[in-house]
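Student: Could you take me through one part of this model in detail, namely the aromatic rings and what surrounds them in the fold? I would like the reasoning spelled out as you go.

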Amino acid sequence: MYFIKFIMKKILVLFLIISFVYACDSGSVNYNNPNIPNLPVNLSLNLSLPQYSNLQFPSNYIIDFSQGARGIVVFNTGSGFNAFDLACPNQAFATCTTPMSISGINANCNCDNTTYSLFSGQSAGQQYPMKPYRIEIVGNNLIISN
């Protein structure tokens, strides 16, 4: 009986270890939306600079049009940061040429009048959410990349 309990404990530990190994994320953002091109993004924001002071407070954002398909919005969720592309995710890139506009905690696609949450990037009933970018916090810097 002791031998069976010993083996069962070993199997349980092995199962838990295997579960953790397969549950680990490689850290890459996999976003398969045919409407938005995958352009390289490497943006660094120094939160000590005055132009980024809005990001010190929850529900505030900044927009950078220098990178991404139509620009990038960086949003303070209160518990972290989100970064999304401003290209409308459910419209063909060539036909919807304007970036989304920001109103409070939402992004609005001007081509189809769809509203997306900056907390999640989601919009009810839409096939694709906003295109997310990876954010790393290094000291006072936010590093946004894909």
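Tutor: Phe-75 is buried in this predicted model, its relative accessible area of 0% falling under the 20% limit. Phe-119, by contrast, is partly exposed, with a relative accessible area of 37%. These residues belong to the one aromatic pair that the structure holds. A pair of aromatic rings is described by the distance of the centres and the angle of the planes. For Phe-75 and Phe-119 the ring centres are 5.0 Å apart and the planes stand at 85°, so the arrangement is edge-to-face, given that this class begins over 60 degrees. Because Phe-75 lies in strand S3 (residues 72-76) while Phe-119 sits in the loop between strand S7 (114-117) and strand S8 (132-138), the pair ties together parts that are 44 residues apart in sequence.

Another ring to inspect is that of Phe-93, since Arg-70 lies over its face, at 3.7 Å from the ring centre.

Strand S7, which precedes the loop holding Phe-119, also belongs to an open sheet of three strands, ordered S5-S6-S7 and paired antiparallel. Strand S5 (101-103) and S7 stand at the edges of this sheet and have a single partner strand each, so one side of each is left without a neighbour in the sheet. From one strand to the next, the twist averages 30°. Between S5 and strand S6 (residues 106-109), which run antiparallel, there are three bridges, and Ile-102 stands opposite Ala-107 in S6.

Key: Residues numbered from 1 in each chain as written. Predicted model: local features only at pLDDT ≥ 70, side-chain atom pairs only at ≥ 80, totals over all residues. Heavy atoms only, no water. Phe/Tyr/Trp six-rings, centres within 6.5 Å; stacked < 30°, edge-to-face > 60°. Helix = DSSP H or I, 4+ residues; strand = E, 2+ residues; numbered from the N terminus. Buried < 20%, exposed > 50% of the residue type's maximum accessible area, 1.4 Å probe, protein only. Lys NZ or Arg CZ within 6 Å of the ring centre and 35° of its normal. Pairing = 2+ DSSP bridges. Axes fitted to C-alpha atoms, helices over the stretch in contact; angles between N-to-C directions.
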